[in-house]
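Me: Please work through this model with me, taking its core, its chain contact and one strand in turn.

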Amino acid sequence: MSKTKSTTTKRQTGFGRRQFLAGAGAVAGAATFTTAGKVARAQSFPSGPVQLVVPFGTGGGSDRTMRLFAPFLSKELGVPVNVINISGGGGWKAWAEMAKWDPEENDHIIGSINLPHVLSLLDPRMKRTETLESFNFIAWHSLDPCIWAVREGDERFQTLRAFIDHVKANPNQIVMSTTAVGSDDHMGIAFAEKFVDGFRVKKVYANSDGKKIQEVIGGHTDAVAGNVGYYVPYMLDRKMRAICVLSADRSPNLPTVPTFEEVTGKRNISFAGRTFVLANGIAQNKQDIYLNAIKAAMNNPEYIMKENANRNPLAFKEGDELWKALREAEELVKSVKFWELEQ
Amino acid sequence: MFGEDTLMYLANVVSPENFTAMILGVVIGLVIGAIPGLSPPMAIALLIPVSFNMPADTALILLVSCFAAGIYGGSFSAILLRAPGTSASAASSIEGFEMTKRGRAIQAIRISTFASVVGGLISGFVLLLLAPPLATVSLMFGPSEYFLVAILGLTAIASVAFGSVLKGLLSGLLGLFLSTFGIDAYSGFPRYTFDIISFESGFSILPAIVGLFAFAQGLELSEGEAKSNISGEKTLSWNIWPRPSEIFHVRWSLIRGWGTGLVMGIIPAAGGSIAQWVAYAWEIRRAKPGDQFGKGEVKGLAATEGSNNGVTGTSLIPMFVLGIPGGISAAVILGALMIHGLQPGMRLFTNKPEVIYTIMWGFIVANVLMGFIAVFLARTMAYLTLFPRGILGPLIIIFSVIGTYAGTNNVDDVWIMMGFGVLGYFMVKHNYSPAGVLLGLILGPIAENGLRDTLVVSHGSPITFMLTRPISVAIIVLIIAALYFSFRPKPWEESETDEVKEPARIDD
């Protein structure tokens, strides 16, 4: 980053040159007007607009969630919160920067990190230098457990037990739609293949849920690995039927659907999650201000209502509870070692 | 399906708040669409926080208006500057800009507006009347159909190469090769990433388009006499309303373009970017003696402009009926539906007809409104073609850089865009085809994933598998026909050495 600007300017803008260019573009301008009017009160910190970094492009799931959240966070912080998309490298363009944020210069910027995407740092092929400790995680935002679903009306698979028995009897004949290797959806299938004897399926990979849903509803594949929040509407519409949830407990949205563990005894837990990070070593009082604001915004009934409609399950966690969840996710990836799987 | 009740919802559209939202959506869409590097999904994403606090029908009308206008706005810069603002208007930049260079910019805009507005209208009515049955058709598209549709799209390379088929194919191969960069979905293996983080997600389409067309154009304009302008004209015509005679001249091209757009729109995720090229290549293959494809043929422009807006309405069908978003714009609209407690799917049509039909009518009315606003905006923007090259060239370069950066906040994308720009500049100089590179880049992943998925779902016998699927067979027939018509000898071309007469018609 350029050192030509004064520290004060940088502190306010976070990105220096970046901010200047973004400001010159229409994006920052248009994003500002959405929140600028909602500033509720002035306080010493934060002293100016705060940036909320989304590691993917505009319009995606993460972007929509954070843009929905920004006005509520802005109300708590008392300053505008502008969503900035830094996309590239499947999130790593932004995350590599977040690990290097300076606690003084970058104290007006909050990052969002997606699980398990960030755990691709465990994949030796990617040659990452970062570890989970490289990030100053302060809060967990949402957690959407994985599910497996089949087409409504597919009589072969009334239950997970029936599905597994069928797969065992016909190894490599059943085709599942999943998101790319290393995703939460793929990890759940890979776990089953590794730890359930004789479980072997073929996989068709996608980069979007749209493709997966089209494949399974259209009868091109037999089952799909997705997330509760995203897939519940298709169950309500009687297009699909869930056969299991990959979480410790049953999902309140799908109370009749058993967990993978209930049926098989194997603790297969996989989910998509979003977390917030700040610069490493940021002053404790500043960190507290952000944490309290995030907590308060996430408790705002209006926000909870919107996220419920959006079917994005909120799951606030902080401190030890947050790190426990991170560790569990890390352990799952390490146990599956998806980079060693044969194709 | 269509009755008095459907018609009744039209009245909701013209309520003051809905109409205001529509104007806002159209203007934002047109402006953002027209700036190279800023795309309709970006415009729609910026409207998310605003729209979430509006009533459902107003919010959705805002978003669908912005979507329709964004696709069309991309055509202004494509036609006037050869700097397409969206991937959907890349094909229009070829004939459109050639027309501009020949002083026919306003005629190009007239045709483009007519083709886009009517295309959007037809597409909107198809959405309104035929959404549920057509949604079942989109479900029939599986891995093998995607693979074959991508191949059909790739056959356009031979047509848009304009004479040098070998160079066109080489360009296409380069595009296909570049499309393999990034992490492989099937293994998670980083292909050709050279440990550069930004290569891991592969080359995005937007920086590539901005580079290949806009930035390259900026470089080209920076050559030559600084005070001369693109069109060679000193004044602009005020004839902004299309004339019956010029519409009649391109009627079949329009119909083919609209038809292609409507059909391709139903294919989730793939249709929008392929339709314009399929429609364009179709026109080129049907070329008659005297047609000036590659040199400002209005039939080519009519087809590409008709198809890219013909796609818009039908591409929303899988989203409304099945909840399957075909692209980022549709995903945002889907998100907005859900935020307002509207679950997409057939239940939406039965439980909340007032909302769904108001939105669809909103889309239709927005297309008409778009035509009126656009024609004045485009007329104003056409003054750029009178600007001296010395100003216009650097301006395009600046906008290309800012637009690309604003989209991703990633400086690497600016370098990637410039890389494509330099590539595009030299390709044009040496008669290679930047459009071929773009087609390879867009269609490569669809073809690759389609083929690999087909190998999986067919359990290793893809050919037998395809031959048992009616839609696959139909696409195979289309591919064979496309190849035959691309390479069949055209008797008139042999005697084409003497000057071909300039098509005698419309003068501005």
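Reply: A nonpolar core is a set of buried Ala, Val, Leu, Ile, Met, Phe, Trp, Tyr and Cys residues joined through C-beta atoms within 7 Å. A residue is buried if 20 or more other C-beta atoms, placed from the backbone, lie within 10 Å of its own, exposed if 12 or fewer, and partly exposed in between. The model is predicted: local features need pLDDT of at least 70 and side-chain atom pairs 80 or more, while totals for chains, interfaces and linings use all residues. Residues are numbered from 1 along each chain as written, with chains lettered from A and ligands numbered from 1 in the order written.

Me: Which helix gives the most to the largest nonpolar core?
Reply: This core has 274 residues, and L63(B) and I333(B) have the most contacts inside it. The helix that gives the most, with 18 residues, is α6 (residues 56-81) of chain B.

Me: Why does this core lie between domain 1 and domain 2 of chain A?
Reply: Domain bounds come from an automatic or database assignment. The core lies there because residues are given to it by both domain 1 (24-143 + 272-336) and domain 2 (145-270).

Me: Which residue stands opposite V224(A) from strand β4 of chain A?
Reply: Strands are DSSP runs (E, at least two residues), helices likewise (H or I, at least four), numbered from the N terminus. Strands pair if DSSP finds at least two bridges between them; β4 (residues 136-151) of chain A and β7(A) pair antiparallel over five bridges. Opposite V224(A) in β7(A) stands A149(A).
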